[in-house]
Amino acid sequence: MPMTNLNSILKRLLKQPTAPFHEYHVRAEIEALLKDCPHVKLKHDKFGNLLATYKNGKSKSKPTWVFGAHMDHPAFIKPPGSTKRDAWDFLGGVPQAEVDAGVKRGLRKAKGQIATWNFPTNITNTRIEATACDDIIGCAAIVMTFLELARLNIQTTVHAAFTRAEEVGWLGAWHLAQNWPFGTDSVFLSLETSRPVNGAVMGGGPILRVGDRVSIFDNEAMAVLITTAKEQGIRVQRCLLDAGACEATATQASGIRSVGISIPLGNYHNLNDARQIAPEFVMMDDLKSMIQLLKALVATKHDGIGERTIRERVELRMQEHAEHLKAGSKLFK
Ligand SMILES: [Zn+2]
């Protein structure tokens with residue numbers, strides 16, 4: 001499947017209405033996209049997260065990656081049990097005043113039990129604009145990566161989790177981590193879209209996320225991300241993205257080694273610079289680079305790929321400088 005099909009994947013996923021706890025449209029569309037993909041097996045866990053495994057032959061990358069993306073986005077849902085026609089609850093991190101102003105402007109559109117901000121999806125060669133880039137772009141990146149691995153007949157094993165109810169406190173990721181089905185040698189890689197802060201910029205490449213507002217992530221896993229990007233000549237940014245928190249915080253707190261990559265996101269949670277409700281957007285090159293990086297991560301083994309471990313580096317320096325150490329130490333009284 002050529003890269004141009006990325007557009008059709010994006011269109012199909014971005015037009016699905018979604019909200020915390022109401023991710024059924026997105027989940028069904030991901031299943032439709034992956035159901036005939038060679039080497040891919042799908043299943044649901046008890047929480048309703050969609051789990052996917054690509055397994056082609058016996059080889060594995062080290063570590064074995066578990067790509068994670070959430071299927072929900074801040075939106076309105078019908079209050080459970082309510083029969084009132086115009087009763088809606090808003091779930092997700094957007095201040096009430098801005099939500100109310102958006103409703104007043106007539107931007108809310110209902111479909112069944114869900115109501116979302118009503119913006120068209122706009123995809124060009126440079127930019128993707130939609131109501132819910134966060135985190136449908138992450139879901140699309142995983143789907144595209146799996147289809148590409150199959151097309152190229154890459155021999156490897158990689159897992160994915162498409163989770164529910166992230167926007168209300170990582171509930172799906174928490175369930176996943178508490179009932180971890182992927183083995184102890186695997187590392188959770190949260191794939192997000194995030195507001196670029198601390199030097200990160202739109203269009204600067206995917207952001208290797210050393211941490212979020214709550215946690216600092218796994219050092220060795222981060223080193224594999226950096227080394228792989230360098231080897232492949234993929235332009236990336238490396239930053240602490242502490243304007244929000246991601247699912248890697250939930251999985252890591254459950255004892256799963258975790259790290260993250262984020263695509264820089266414009267109009268995070270549908271707020272523009274004037275704090276008005278607006279469509280979110282990401283840059284196409286940032287997304288394409290992330291897919292390149294994901295493919296490279298699972299298609300290469302990382303045993304002894306040039307970089308020395310921190311221990312090896314320090315021990316070498318210790319040898320190199322042995323004479324200096326001796327000479328200087330003599331002068332301490
Ligand atoms: Zn998100």
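A helix here is a DSSP run of type H or I with at least four residues, and helices are numbered from the N terminus. Cys133, for example, lies in helix H4. Keep that helix in mind, and keep in mind also that what you see above is a predicted model.

Let me stay with Cys133 for a moment. Is Cys133 buried or exposed? Its relative accessibility is 0%, so Cys133 counts as buried. Leaving aside residues up to four places away in sequence, Cys133 touches Leu14, Ile128, Thr193, Leu265, Glu280, Phe281 and Val282. Pro20 is 113 residues from Cys133 along the chain, and the two C-alpha atoms are separated by 14 Å.

Now the metal. Which residues coordinate the zinc ion? They are His70 through NE2, Asp134 through OD, and Glu192, which is listed with OE twice, at 1.9 to 2.5 Å. The spacing of these donor residues in sequence is H-x63-D-x57-E. His70 belongs to strand E3, residues 64-70, and Asp134 to helix H4, residues 133-151, so this pair ties together parts that are 64 residues apart in sequence.

Why is the arrangement around the zinc ion called irregular? The four donor atoms subtend angles of 52 to 143°, and that makes it irregular. For four donors to count as tetrahedral, all angles would have to lie between 85 and 135 degrees. As for accessibility, His70 is at 0% and therefore counts as buried. Asp134 is at 2%, so Asp134 counts as buried too.

Asp134 comes up again in the backbone. A cis peptide bond joins Asp134 and Asp135, with omega about 0°. Asp135 is found in helix H4. Another cis peptide bond runs from Lys62 to Pro63, with omega near 0°. Pro63 sits in the loop between strand E2, residues 50-55, and E3.

Next, two helix pairs. Helix H1, residues 5-14, and helix H2, residues 24-34, have axes that come within 9 Å and cross at roughly 155°. H1 and H2 are therefore roughly antiparallel to each other; the cut-off for that word is over 145 degrees. H1 supplies Ile9, Arg12 and Leu13 to the contact, and H2 supplies Val26, Glu29, Ile30, Ala32 and Leu33. By class, that contact has six nonpolar, no polar and two charged residues.

The second pair is helix H6, residues 219-232, with helix H8, residues 284-299. These pack at an angle of about 105°, with their axes 10 Å apart. H6 and H8 are therefore roughly perpendicular to each other. On the H6 side are Val224, Leu225, Thr228, Ala229 and Gln232, and they meet Leu293, Ala296 and Leu297 in H8. The contact of H6 with H8 divides into six nonpolar, two polar and no charged residues.

Last, three loop residues. His39 lies in the loop between H2 and strand E1, residues 40-44. Its phi is near 70°, a positive value in a residue other than glycine. At 33% relative accessibility, His39 counts as partly exposed. Asn198, in the loop between strand E11, residues 186-194, and strand E12, residues 207-211, has a positive phi of about 55° although it is not a glycine. Asn198 is partly exposed, at 49%.

Gly81 is in the loop between strand E4, residues 75-77, and strand E5, residues 89-91. With a relative accessible area of 77%, Gly81 is exposed. From Gly81 to Gln237 the C-alpha distance is 46 Å, and the two are 156 residues apart in sequence.

Notes. Residues are numbered from 1 along each chain as its sequence is written. This is a predicted model: local features need pLDDT of at least 70, side-chain atom pairs count only at pLDDT 80 or more; totals for chains, interfaces and linings use all residues. Side-chain values use heavy atoms; hydrogens and water are left out. Axes are lines fitted to C-alpha atoms, for helices over the stretch in contact, and angles run from 0 to 180 degrees between N-to-C directions. Angles under 35 degrees count as roughly parallel, over 145 as roughly antiparallel, 65 to 115 as roughly perpendicular and the rest as oblique. Contact means heavy atoms within 4.5 Å. Ala, Val, Leu, Ile, Met, Phe, Trp, Tyr, Cys and Pro count as nonpolar, Asp, Glu, Lys and Arg as charged, and the others, Gly among them, as polar. Donors are N, O and S atoms within 2.8 Å of the metal (3.2 Å for Na, K and Ca); water is not among the atoms, so sites may look incomplete. Four donors count as tetrahedral if all angles lie between 85 and 135 degrees; four count as square planar and six as octahedral if opposite donors are over 155 degrees apart and all others between 65 and 115; anything else is irregular. Buried means under 20% relative accessible area, exposed over 50%, partly exposed in between (1.4 Å probe, protein chains only).
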